[in-house]
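I opened this entry to keep a record of what I looked up, beginning with the ligand and its surroundings and then turning to the chain as a whole.

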Amino acid sequence: MTDPVFPRLALIGIGLIGASIALAARKTGAAGHVAIHSRTGRTLRRAEELGLGDSYHSDPAEAVRDADCVILCIPVGASGEAAKAISANLKPGAIISDVGSVKSSVIAQMAPHIPEGVHFVPAHPVAGTEYSGPDAGFAELFENRWCILTPPPGTDPDAVERLSEFWSRIGANVETMTAEHHDLVLAITSHVPHLIAYNIVGTAEDLETVTQSEVMKFSAGGFRDFTRIAASDPTMWRDIFLNNKEAVLEMLGRFTEDLTALQRLIRYGEGDKLYDRFARTREIRRGIIAAGQETEAADFGRPHGKGDDAAG
Ligand code: NAP
């Protein structure tokens with residue numbers, strides 16, 4: 001096996017994403033020693049039972065000591081506090097990164113706590129499931145998925161290259177863009193779709209004329225896919241919406257206009273226009289399959305069990 005990209009890696013947070021990084025780094029040899037911290041003793045003990053790392057630390061500052069790379073794998077709203085707690089112990093020359101689904105807000109929260117000589121390279125692996133916690137992690141999560149790096153202007157290119165190599169080693173395809181652009185792209189591809197899922201499942205729950213048991217019984221008509229997405233972690237998603245407010249509101253405004261236009265087409269019986277619209281959107285699905293980001297088979301998230309359909 002080739003040398004590890006990072007002889008010592010520290011993971012702050014060990015839920016779905018942290019555990020998957022730990023397992024993938026071990027499987028591929030992308031990291032040597034993996035040091036783990038989690039906020040609660042319960043999660044930390046579970047990580048140890050699962051054998052996810054090499055050392056386990058209740059103090060985050062201890063976990064990052066001597067680490068060549070530190071990755072925060074916690075809800076985006078907690079990034080600033082976490083960076084503050086570890087900053088004094090970061091090794092000069094180390095890379096500090098994260099996996100947050102929102103980038104501008106994470107950069108604003110973390111940047112004030114990054115010491116001179118430490119390289120800050122924010123990242124977002126666009127891969128996930130609706131499950132949470134260390135038990136949900138699996139080594140293949142990032143295989144053939146994108147990891148987007150959003151280094152602030154002036155970041156050391158060597159550090160960006162090393163982090164990029166790490167993500168490639170654990171299976172991801174890496175792309176670099178600005179944090180602002182990332183937040184707009186993800187607002188339409190991930191954040192607004194999740195909001196729609198949360199909303200439609202909520203609407204069905206509140207109906208008086210259709211019973212709960214009918215909703216369950218006939219859910220294969222499309223509703224079932226929404227329920228999977230709407231089962232995603234409430235803390236994580238609360239933080240995503242609060243921290244990507246502007247981009248989400250911008251995309252939601254456009255979405256609402258388009259929905260109103262569709263509503264009018266239905267009201268006035270404009271079948272040809274509805275058909276044209278649906279025929280165009282079908283091409284998007286074909287494009288996703290052609291890009292290798294989905295298979296032809298309609299699995300509705302079931303057979304694999306570990307689908308990436310609910311990536312944050
Ligand atoms: P998760 O499975 O729920 O794990 C969360 C981890 O963060 C746990 O170690 C938890 O510690 C810790 N944590 C929770 N609240 C905290 C707080 N206030 N302060 C410090 N630590 C806290 O979450 P995840 O799915 O791995 O998501 C982690 C990050 O990855 C998020 O920023 C999310 O945006 C991003 N992400 C998620 C996905 C996805 O689909 N899930 C995809 C890409 C990126 P305890 O259990 O000890 O409390």
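Before asking where the ligand sits, I noted the terms: on a 1 Å grid over the protein atoms alone, a pocket is an open set of points with protein on both sides within 12 Å along at least five of seven lines, and a molecule sits in a pocket if more than half of its atoms lie within 2 Å of its grid points. I also wrote down at the outset that this is a predicted model.

**Ligand site.** With those terms in hand, I found that the ligand takes up the space of the second largest pocket. I then looked up which elements give two or more residues to the shell around the ligand, and these are α1 (16-28) and β7 (123-125). Sorting the shell residues by character, I counted 14 nonpolar, 13 polar and 1 charged. There are 28 residues around the ligand, and those that come nearest are Ser38, Thr40, Thr43, Ile74 and Ser101.

**Polar contacts.** Which side chains place an N or O atom 2.6 Å from an oxygen atom of the ligand? I found Thr40 at that distance, and Thr43 at 2.6 Å as well. For Ile14 the partner is a polar backbone atom, which lies 2.8 Å from a ligand oxygen. I next looked up how much of the ligand is covered, and the protein buries 86% of the 910 Å² that the ligand exposes when taken alone.

**Whole chain.** I listed 12 helices and 9 strands in the chain. Along the principal axes, the C-alpha atoms fill a box of roughly 65 × 40 × 35 Å. I compared the radius of gyration of 21 Å with the value near 20 Å that a compact globule of 312 residues would have, and the two agree.

**Backbone angles.** Lastly I looked up positive phi values outside glycine. Asp66, in the loop between α3 (60-63) and β4 (69-72), has a positive phi of about 65°. Asn144, in the loop between β7 and β8 (146-149), also has a positive phi, near 60°.

Methods. Residues numbered from 1 in each chain as written. Predicted model: local features only at pLDDT ≥ 70, side-chain atom pairs only at ≥ 80, totals over all residues. Heavy atoms only, no water. Near = heavy atom within 4 Å. Polar contact = N/O pair within 3.5 Å; in protein donor to acceptor, adjacent residues only side chain to side chain. Areas by Shrake-Rupley, 256 points an atom, 1.4 Å probe, with all protein chains shown as cover. 1 Å grid on protein atoms, 1.4 Å probe; cavity = no way out; pocket = protein on both sides within 12 Å on 5 of 7 lines; lining within 4 Å. Helix = DSSP H or I, 4+ residues; strand = E, 2+ residues; numbered from the N terminus. Nonpolar A, V, L, I, M, F, W, Y, C, P; charged D, E, K, R; others polar. Rg over C-alpha atoms; globule rule 2.2 N^0.38 Å.
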